[in-house]
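Below are some notes on the model you sent round. They are set out as numbered points, beginning with a ring residue and moving outward from there.

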Amino acid sequence: MNFGGILNGKHVPVGFFNFGENFWFWFGMTFLGLVISGSGFVLDMIVPFMTIEYTRDTMQIANILHSSAAIWMTALAMGHIYIGTIGMQGSIDGMKTGYVDATWAKEHHELWYDKLNK
């Protein structure tokens, strides 16, 4: 409810994946990826399972959906790359090696840390 601590400055206790990681996967990759794929099928006129009239209006709507979803996906990807590399200290080390410091894990993924240290 406070955008992962951005609004109040405190880290929210989360498990292995936080809200931003889940949002990136489900909205950025899955939903926007399906919108881009579906509108791309319409733009290429190869929709396999239904009959669509490829009128100017249909193509314009598909083009707007396709380009808007691609812009959103690109912006989210850039934000994801920034946070994963230089935006959060210690995160790139975890990606490179597969291991993170216990202090970092407790600070950023407290529920996951607690589960591992029961």
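1. Trp112 is partly exposed, with a relative accessible area of 23%. That value sits a little above the cut-off, since buried means under 20%. Please keep in mind throughout that this is a predicted model.

2. A second pair of rings can be taken up directly. Phe27 and Phe31 count as stacked, because their ring centres are 5.6 Å apart and their planes meet at 20 degrees, and the limit for stacking is under 30 degrees. Both residues belong to helix H1, where a spacing of 4 residues puts about one helical turn between them.

3. How exposed are the two members of this stacked pair? Phe27 has a relative accessible area of 29% and is partly exposed. Phe31, at 45%, is likewise partly exposed. Neither ring residue is therefore classed as buried, given that this label needs a value under 20%.

4. The stacked pair is also part of a wider arrangement. Ring pairs join Phe19, Phe23, Phe27 and Phe31 into a cluster. For the chain, the count of aromatic pairs is 6.

5. One of these pairs involves the tryptophan of point 1. Phe16 and Trp112 are arranged edge-to-face, with 5.0 Å from centre to centre and 75 degrees between the planes. Phe16 comes from the segment before helix H1 (19-43) and Trp112 from helix H5 (residues 110-116), so this pair ties together parts that lie 96 residues apart in sequence. Phe16 is partly exposed, at a relative accessible area of 47%.

6. Turning to the fold: which secondary structure elements does the chain contain? There are 5 helices and 0 strands. Read from the N terminus, the order is α-α-α-α-α. With a radius of gyration of 20 Å, well over the 13 Å that the globule rule gives for 118 residues, the chain is more spread out than a compact globule.

7. The outer dimensions can be given alongside this. Along the principal axes, the C-alpha atoms fill a box of roughly 60 × 25 × 25 Å. Of the 118 residues, 19% count as buried. The accessible surface is about 9,100 Å², and carbon and sulfur atoms supply 67% of it.

8. Contacts across the sequence deserve a separate entry. Among contacts in the chain with a separation of 6 or more, 49% are between residues 24 or more positions apart.

9. Which residues does Ser39 touch, leaving aside its neighbours within four places in sequence? They are Ala62, Leu65 and His66. Ser39 is located in helix H1. Its relative accessibility is 6%, so Ser39 counts as buried, the limit being under 20%.

10. Met95 is in helix H3 (residues 91-97). Is this residue buried or exposed? Met95 is exposed, at 57% relative accessibility, where the label requires a value over 50%. Its C-alpha atom is 9.0 Å from that of Thr85, a residue 10 positions away along the chain.

11. A last entry concerns charge. The chain carries 6 positive and 9 negative charges, and the mean positions of the two sets are 8 Å apart.

Conventions:
Residues are numbered from 1 along each chain as its sequence is written. This is a predicted model: local features need pLDDT of at least 70, side-chain atom pairs count only at pLDDT 80 or more; totals for chains, interfaces and linings use all residues. Side-chain values use heavy atoms; hydrogens and water are left out. Helices (H or I, at least four residues) and strands (E, at least two) are DSSP runs, numbered from the N terminus. The radius of gyration is taken over C-alpha atoms; the globule rule is 2.2 Å times the number of residues to the power 0.38. Buried means under 20% relative accessible area, exposed over 50%, partly exposed in between (1.4 Å probe, protein chains only). Contact means heavy atoms within 4.5 Å. Accessible areas come from the Shrake-Rupley method with a 1.4 Å probe; for residues, only the protein chains shown count as cover. Lys and Arg count as positive and Asp and Glu as negative; His and the chain ends are not counted. The place of a charge is taken as NZ of Lys, CZ of Arg, CG of Asp or CD of Glu. Rings of Phe, Tyr and Trp (its six-membered ring) pair if their centres lie within 6.5 Å; planes under 30 degrees apart count as stacked, over 60 as edge-to-face and the rest as tilted.
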